[in-house]
Amino acid sequence: MDFSLNDDQRLLQESLSRFLADTYDWETRQAAAGEPEGFKRETWQALAELGLLAAPLSAEQGGLGGSGVDVMVLMEELGKALVVEPYLTSVVLCGGLIEAQGTAAQKEALLPDLVAGQSLFALAQGEPNGRYDLTAVAMRAREEAGRWRLSGRKAVVMNGDSADWLIVSARLDEGSGEAGIALFLVEAGAEGVTRRGYPTVDGYRAAEVSFENAPATLLGLPETGFEALELAVARAIVGLCAEAVGAMTVACDTTLEYLKTRKQFGVPIGSFQVLQHRMVDLRMALEDARSLTILAAAKLEAPRGERERAVSAAKAGVGRAARSVSEGAIQLHGGIAMTWEYPLSHYAKRLIMIDHLFGDVDHHEERFAHLSAG
């Protein structure tokens, strides 16, 4: 299998890398994270002007085709800079859902504003008692006089407090499991929608969202809602894994540079063999994570079972590698790595949070075993 990038993907990677190197230094990132919305709209608009908000979508929407490799390339670069702008939630996750599940009229109405940076989207999927199970949906949808209404609660909606639109999963009946789950579009400022935003431990933003007879519009066909949701989450997991690879790359590079410059007993501590071995272990964990991410990205177009096994294997493997790299990098640095001013502590917190988004190591190891047995 050829894992090399094509010309368009290479150009995309280089363009985003240059943009972030020129405009998104550490001070800029920290200032953006301190904004009321948790990011800067100016940066979001600049990403739109470069065409990067359209890149993970199909060619019809101005993108590269929407493959898993396209998502991987973008998210790895964003992970290196620890970008706080809601690229994964608004573009990869919700943009992909609208393109896959929306009607022609919905795509025509929503996607141009998304790729132009004019509208932000968030997925309201998780619920207080649902943990990582996509079928654990208690939110109810009912139709009244030809209009849909939603009632229930959603938890840890990433960037939910700054979104203009929410894509909400809800049940059409009293059943359980995959059947009966549909997706709905809800204006975030609509009557009956209450949002409580808060910062997360890694410096990003999330919200608890309550719906009380809130007006909603069905996104696409109800019978394909769960299928579209599962595929969109698989794409998001590939994006998260790639983001983790980018963050781990910086953590490893920062640690190696520290070992070369920090002196003890008059020599760089990197000359001590035991620390060299630890550094090799970190690099090996990083490369394992990169390989699993590439495989999962390549399998997004595979049949469902094969795709989901690859995604769960990647999420579990990357989660373990992320914990190993973050803990090892901090230990090799010593106390300085735990300070707020030193970037490595923020990379470590983001890596730990990535492990918990859309299922942690334990969840995906169990899921992989279940899918393999079936």
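## Close-up views of a predicted model

**Figure 1. Surroundings of Ser90 in helix 5.** Not counting residues up to four places away in sequence, Ser90 touches Trp44, Gly95, Leu114, Ser119, Leu120 and Phe121. The model shown here and in the other views is predicted. Ser90 belongs to helix 5, which spans residues 87–101. Its relative accessible area is 1%, so Ser90 is buried. A polar atom of the Ser90 side chain lies 3.1 Å from the backbone nitrogen of Phe121. Phe121 is thus named twice for Ser90, in the list of touching residues and in the polar pair.

**Figure 2. The whole chain, for orientation.** The chain contains 11 helices and 9 strands. Its radius of gyration is 21 Å, which agrees with the value near 21 Å that a compact globule of 374 residues would have. Along the principal axes, the C-alpha atoms fill a box of roughly 80 × 50 × 40 Å. Of the 374 residues, 53% count as buried. Among the contacts in the chain with a separation of 6 or more, 72% are accounted for by residues 24 or more positions apart. The accessible surface comes to about 16300 Å², and carbon and sulfur atoms make up 53% of that surface. The chain carries 35 positive and 52 negative side chains, with the centres of the two sets 4 Å apart.

**Figure 3. Gln106 in helix 6.** Helix 6 covers residues 104–115 and includes Gln106. Gln106 counts as buried because its relative accessibility is 12%, under the 20% limit. The side chain of Gln106 reaches the backbone nitrogen of Thr103 at a distance of 3.0 Å. With neighbours within four places in sequence left aside, the contacts of Gln106 are Leu111, Leu185, Thr217, Leu218, Leu219 and Gly220.

**Figure 4. Val193 in strand 6.** Strand 6 runs over residues 193–199, and Val193 is placed in this strand. The relative accessible area of Val193 is 14%, so the residue is buried. Residues up to four places away in sequence are not counted in its list of touching residues, which holds Leu166, Val186, Glu187, Ala188, Val209, Ser210, Phe211 and Ala214. One of these, Ser210, is 17 residues from Val193 in sequence, with a C-alpha to C-alpha distance of 5.8 Å.

**Figure 5. Arg195, also in strand 6.** Arg195 is found in strand 6. Its relative accessibility is 31%, and Arg195 therefore counts as partly exposed. Two backbone oxygens take part in polar pairs with the Arg195 side chain: that of Gly160, at 2.9 Å, and that of Asp161, at 3.4 Å. Gly160 and Asp161 also appear among the residues that Arg195 touches, together with Ser162, Ala163, Ala188, Glu208 and Val209, when residues up to four places away in sequence are not counted. Leu5 is 190 residues from Arg195 in sequence, and their C-alpha atoms are 41 Å apart in space.

**Figure 6. Arg235 in helix 7.** Arg235 is part of helix 7, which extends over residues 225–261. Arg235 counts as buried because its relative accessibility is 11%, under the 20% limit. Beyond its neighbours within four places in sequence, Arg235 is in contact with Pro56, Gly66, Ser67, Val71, Val92 and Leu300. The C-alpha atoms of Arg235 and Leu74 are separated by 12 Å, and the two residues are 161 residues apart along the chain.

**Figure 7. Arg131, a residue with positive phi.** Most residues other than glycine have a negative phi. Arg131 is not a glycine, yet its phi is positive, at about 50°. Arg131 sits in the loop between strand 1 (121–124) and strand 2 (140–144). The relative accessible area of Arg131 is 63%, so this residue is exposed.

**Figure 8. Phe265, another residue with positive phi.** Phe265 has a positive phi of about 55° and is not a glycine. The loop that holds Phe265 lies between strand 8 (263–264) and strand 9 (267–268). At a relative accessibility of 76%, Phe265 counts as exposed, since the limit for exposed is over 50%.

Definitions and conventions. Residues numbered from 1 in each chain as written. Predicted model: local features only at pLDDT ≥ 70, side-chain atom pairs only at ≥ 80, totals over all residues. Heavy atoms only, no water. Helix = DSSP H or I, 4+ residues; strand = E, 2+ residues; numbered from the N terminus. Rg over C-alpha atoms; globule rule 2.2 N^0.38 Å. Buried < 20%, exposed > 50% of the residue type's maximum accessible area, 1.4 Å probe, protein only. Contact = heavy atoms within 4.5 Å. Areas by Shrake-Rupley, 256 points an atom, 1.4 Å probe, with all protein chains shown as cover. Lys, Arg positive; Asp, Glu negative; His and termini not counted. Charge placed at Lys NZ, Arg CZ, Asp CG, Glu CD. Polar contact = N/O pair within 3.5 Å; in protein donor to acceptor, adjacent residues only side chain to side chain.
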